[in-house]
Structure formats: C-alpha cells, structure tokens
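Open the model in your viewer and get ready to select residues by number. Each stop below tells you what to pick and what you will find there.

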Amino acid sequence: MLSEKEKWFFDHHGYIILKDVVVKEDITRMIELGDRWHEMTLEELPPPLTSTALSNPKASPTLARWINHVHYADETFQRLVLNRQIMRVILALTRQNPCLVDTALTKNYRTSDEINFHAAGRDYQVEDGAPYAGFLNAAISLVDVPAGTGFVCLPGSHKRNFELPDSVSIHDGPPTVVNVPVQAGDCVIFTEALYHGAKAWTEKYPRMTVFNRYIGEGSHGSLPIEDQRNLIPEEIYDLEQAAVPGQRKKVADRLLRDLAADAA
Ligand SMILES: O=C(O)CCC(=O)C(=O)O
C-alpha cells in the first residue's frame, strides 16, 4: 500500500506529506464550525465536544486551544477520519489494524504560544521490509501554512538511537530542524515518536488544523464515547475499538477492498 519511495521517506524522516486530500466544500464547512466552536466556552460546547486544552487548570492562557471529539459533531470530520488517501497510509503503518484514539481541531492565532519539541513513546520499527508506527498523528491543515511558521520536526529523531541535545530548539534551521509548509487540504502524517513542535503563527488569518490520532495494536484510548455512539457511523465505532492482533476490523477490510479497487 505504500510505494518503495514512501516507505523510504517515512523511515528516513518520520513523517510523510499527502497533498490535497480534502475537498474544498469540506474545508469551508470545517473552518466555519471551528470558528463557531472556538468562540464557545467549555460549558457551551455541544456534547460530547470538549477541550482537554481548557480542562487543565495549569494550561497557559495563550495555549493554542483545541477541541476534541469533533467527529461526533459533523459528517465532514467523519469523512476525514475515514479518508481513503489518509487511511491508505495509516493502515500500512499499523499492520492494517489501527484504532482511532482522538480527534482535535486546533486554532492558532499570532498571539498563541509556540510549541517546543516533544515526542510520545518509541514505538517505531521496520518489520518485514515495511515501517510500523504504534502511535500516529494525521495533521490536516484547513489553511495555507507558508514557510517559517507552523509544524516543525527533527527528521529521523523517531529512531531515537541517541537523546536529543538540550541545545536543539524549534528556532534552529535546516538540516537539523525542518519546517513543513502545506496548503489547505494537505495532510502530514507523522509518528508521535518523532520530535515535533510548532513555530509561532505569523499570518493575519488563524491557523486551523485537524489532528486525528491512531494507535496500532496495544493499549486503548478514551474513545468510543458509548452514550453518544448514535452520533457516529458504525465504521467509526469499529475504528475506535482496540485493535486486537490477528483480528482485522470490518472497517479495515472495507477500506482495503476500496483501495485495491482504486489501484486496479
Ligand atoms: O501545531 C503543530 O503543528 C504541532 C502540534 C503538536 O505538537 C502536537 O499535536 O503534538
């Protein structure tokens, strides 16, 4: 499902860029909803929308706020969770057995905090000639992000053979630190084992990004939200179940069939 070049790129860098994976109408709708929800307080958000950014009393007042569970609130986010072009890569990187653990819609202003380098876990390896990542983030940009702002990472740091020197920061440039400019509708899929962060936002319009997180087989996240399961399609409920070794999900089978038909 990944070309040899894509396997090489992901293994070498820890991320991969998919261009233009979302239709314009869905981008417009997601921005419209994002603008509406980001004006609301935590209490005003329609359940089960929440914001773990706001529920932490120690969070900086200028932290770029994110809103979780957006796929329980609108079909555009559901389409994004099941997006075939994105799922082709997520399936390939999780031994075709992913579990959706979080969706979050983030809005950054020029006053929002930058994000220093961080990484989660070390679950990255190459097995049978293919990369495997146990924790993945699909970051879909809803706006154009020019060079010099937005996502930054330390390519190759997901292999973690050596610890990150204290002197390295998001303000360093290439070749150590790489900034990834994208257009509205592009997706950057990265392993959370990769050191990544964000430079301060520089544009007049806000930055809006959807972060969909998937894990492979292993411990489970906070989804599904059982008492709201009527708000999501059965396939997404399936995708939110813990991935069990040797038991491929129906949603994965269906996506793999569609991907095979696309490739035929
Ligand atoms: O804003 C970004 O692109 C980085 C987000 C980030 O650091 C994260 O999702 O963990």
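Start with Val 188. This is a predicted model. Leave out residues up to four places away in sequence, and Val 188 touches Tyr 15, Ile 17, Ala 139, Phe 151, Val 180 and Val 182. Select those six contacts together with Val 188.

**The nonpolar core**

Now widen the view. Which residues touch the most other members of the largest nonpolar core? They are Ile 90, Val 188 and Ile 189, in a core of 63 residues. Next, select residues 84-93. This is helix α5, and with 7 residues it gives the most to this core. There is a general pattern behind such a core: in soluble globular proteins, nonpolar side chains tend to be buried together.

**The sheet of six strands**

Turn to the strands. Follow the order β1-β10-β7-β12-β3-β2 across an open sheet of 6 strands, with antiparallel pairing. Which strands stand at the edges? Select 15-18 for β1 and 66-68 for β2. Each has a single partner strand, so one side of each is left without a neighbour in the sheet. Look at how the strands turn, too. Ignoring direction, neighbouring strands of this sheet are turned by 20° against each other on average.

Stay at the β2 edge. Add residues 99-108, which form strand β3. β2 and β3 pair in the antiparallel sense over 3 bridges. For one bridge, select Asn 68 and then its partner in β3, Ala 104.

**The sheet of four strands**

Move to another open sheet. Its 4 strands run in the order β4-β11-β8-β9, and the pairing is antiparallel. Select 115-118 for β4 and 178-179 for β9; these are the edge strands, and each pairs on one side only. β4 joins β11 in antiparallel pairing over 2 bridges. To see a bridge, pick Ile 115 and its partner in β11, Ala 198.

**Last stop: Lys 199**

Select residues 196-199 to show β11, the strand that holds Lys 199. Is Lys 199 buried or partly exposed? Lys 199 counts as partly exposed, because it has 17 C-beta neighbours inside 10 Å, and a buried residue needs 20 or more. Which residues does Lys 199 touch, not counting those up to four places away in sequence? Select Glu 114, Thr 149, Gly 150, Val 152, Ile 170 and Asn 179.

Finally, draw a C-alpha to C-alpha line from Lys 199 to Asp 258. The two residues are 37 Å apart in space and 59 residues apart in sequence.

Methods:
Residues are numbered from 1 along each chain as its sequence is written. This is a predicted model: local features need pLDDT of at least 70, side-chain atom pairs count only at pLDDT 80 or more; totals for chains, interfaces and linings use all residues. A nonpolar core is a set of buried Ala, Val, Leu, Ile, Met, Phe, Trp, Tyr and Cys residues joined through C-beta atoms within 7 Å. A residue is buried if 20 or more other C-beta atoms lie within 10 Å of its own, exposed if 12 or fewer, and partly exposed in between; C-beta atoms are placed from the backbone. Two residues are in contact if their C-beta atoms, placed from the backbone, lie within 7 Å. Two strands pair if DSSP finds at least two bridges between them. Axes are lines fitted to C-alpha atoms, for helices over the stretch in contact, and angles run from 0 to 180 degrees between N-to-C directions.
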